[in-house]
Amino acid sequence: MIVRLDPLLGPGKEEAGARAIVLLGPPGAGKSEQGRRLAMRHGIPVISTGDLLRDHVRRGTNLGVQADTFMKAGKLVPDSLMNPILEERLSQPDCAHGFILDGYPRTLAQAESLDMVLKKKGLRQYVILLDVPSERLLKLLTGRRVCPLCNRSYNIYFQPPKKEGQCDADGARLIQRSDDKEEVIRRRLETYEKETQPAINYYVEHGRLIRIDGAQTPEKVAAEIELKLGPQ
Ligand code: ADP
């Protein structure tokens, strides 16, 4: 990870040429894996709204307690809770060199709101869709296991850990997230179709969507993303 410290940069003082890389795609399409790779390569943080919300839930913040009910039901957290949590995170100094967004926007309203936030910050925006056929998604989702310590994710069908049930990095016992259960998954996929598809259409209409075949290996997906991003 490249750590850049610049005393002149702080909240609201974004680096010239900094970019916001937005990762879109259905749940299970590999957004977090690609987010991690991008973060390493570009030395910018990846902001996962799912992780951000779970962190608020864990800490028992006022917003987190309210968000929890929606997350457990596989529903989207309302913008009145989601947007303040995200804006607070994006105003932290480590986001001044740019950032990667994983899991936001998920609705047309969020796409429009993000456009305004990024315009104010003067960041260039790259919207990348990881496209995955729906039959593959269910296996991807029901097979997902995560490490409770380092957050690394695996898939028992496509990307198993070296030792069954154990994280390769730290040996912790892998878990299935409560929102990865089949009934909840079905609802999350429906929510994606209903809520997020209009956001994708919005980017298509504005000629801003970079579509990537998300069924390829993570390496190929990463290489294609780099190609589309071009030099800084
Ligand atoms: P996945 O990417 O597998 O769908 P996430 O970890 O990104 O899972 O999100 C988990 C849950 O957090 C979602 O089901 C939803 O309830 C909530 N969430 C995450 N991002 C958003 C968002 N942008 N707007 C509203 N709710 C969100």
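Which helix gives the largest share of the shell around the ligand?

## Ligand shell

In this predicted model, the largest share of that shell comes from helix 2, which spans residues 49–59 and supplies four residues. There are 19 residues around the ligand, and the ones that come nearest are T49, K75, R106, R144 and R188. Sorted by class, the shell holds eight charged, seven nonpolar and four polar residues.

## Polar contacts and burial of the ligand

Two arginine side chains place a polar atom beside a ligand oxygen: for R144 the distance is 2.7 Å, and for R54 the distance is 2.9 Å. G103 takes part through its backbone, where a polar atom lies 2.9 Å from a nitrogen atom of the ligand. The protein buries 96% of the 550 Å² that the ligand exposes when taken alone.

## The loop with the cis peptide bond

The peptide bond that joins Y104 and P105 is cis, with omega at about 5 degrees. P105 sits in the loop that runs between strand 3 (98–102) and helix 5 (108–121).

## N151 and its backbone angle

Between strand 5 (144–146) and strand 6 there is a loop that contains N151. This residue is not a glycine, yet its phi is positive, at about 75 degrees.

Is N151 buried or partly exposed? N151 has a relative accessible area of 43%, so the residue counts as partly exposed; the buried class would require a value under 20%.

## Strand 6 and the loop after it

N155 belongs to strand 6. Its relative accessible area is 5%, and N155 is therefore buried. Which backbone atom does the side chain of N155 reach? The side chain of N155 reaches the backbone nitrogen of F158, at a distance of 3.1 Å.

F158 is found in the loop between strand 6 (153–155) and helix 7 (182–205). With 36% relative accessibility, F158 is classed as partly exposed, whereas its partner N155 is buried.

## Nonpolar surface patch

F158 also forms part of a nonpolar patch on the surface, together with I156 and Y157. The area of this patch is about 290 Å². A residue can belong to such a patch only with over 30% relative accessible area, and F158 has 36%. F158 thus appears in two settings: its backbone nitrogen is reached by the side chain of N155, and F158 helps to make the nonpolar patch.

Conventions:
Residues are numbered from 1 along each chain as its sequence is written. This is a predicted model: local features need pLDDT of at least 70, side-chain atom pairs count only at pLDDT 80 or more; totals for chains, interfaces and linings use all residues. Side-chain values use heavy atoms; hydrogens and water are left out. A residue is near a molecule or strand if one of its heavy atoms lies within 4 Å of it. A polar contact is a pair of N or O atoms within 3.5 Å; within protein, one must be able to donate a hydrogen and the other to accept it, and residues adjacent in sequence count only if both atoms are side-chain atoms. Accessible areas come from the Shrake-Rupley method with a 1.4 Å probe; for residues, only the protein chains shown count as cover. Helices (H or I, at least four residues) and strands (E, at least two) are DSSP runs, numbered from the N terminus. Ala, Val, Leu, Ile, Met, Phe, Trp, Tyr, Cys and Pro count as nonpolar, Asp, Glu, Lys and Arg as charged, and the others, Gly among them, as polar. Patches are made of residues with over 30% relative accessible area and no salt bridge: like charges are joined within 9 Å, nonpolar side chains (Val, Leu, Ile, Met, Phe, Trp, Tyr) within 5 Å. A salt bridge is a side-chain nitrogen of Lys or Arg within 4 Å of a carboxyl oxygen of Asp or Glu. Buried means under 20% relative accessible area, exposed over 50%, partly exposed in between (1.4 Å probe, protein chains only).
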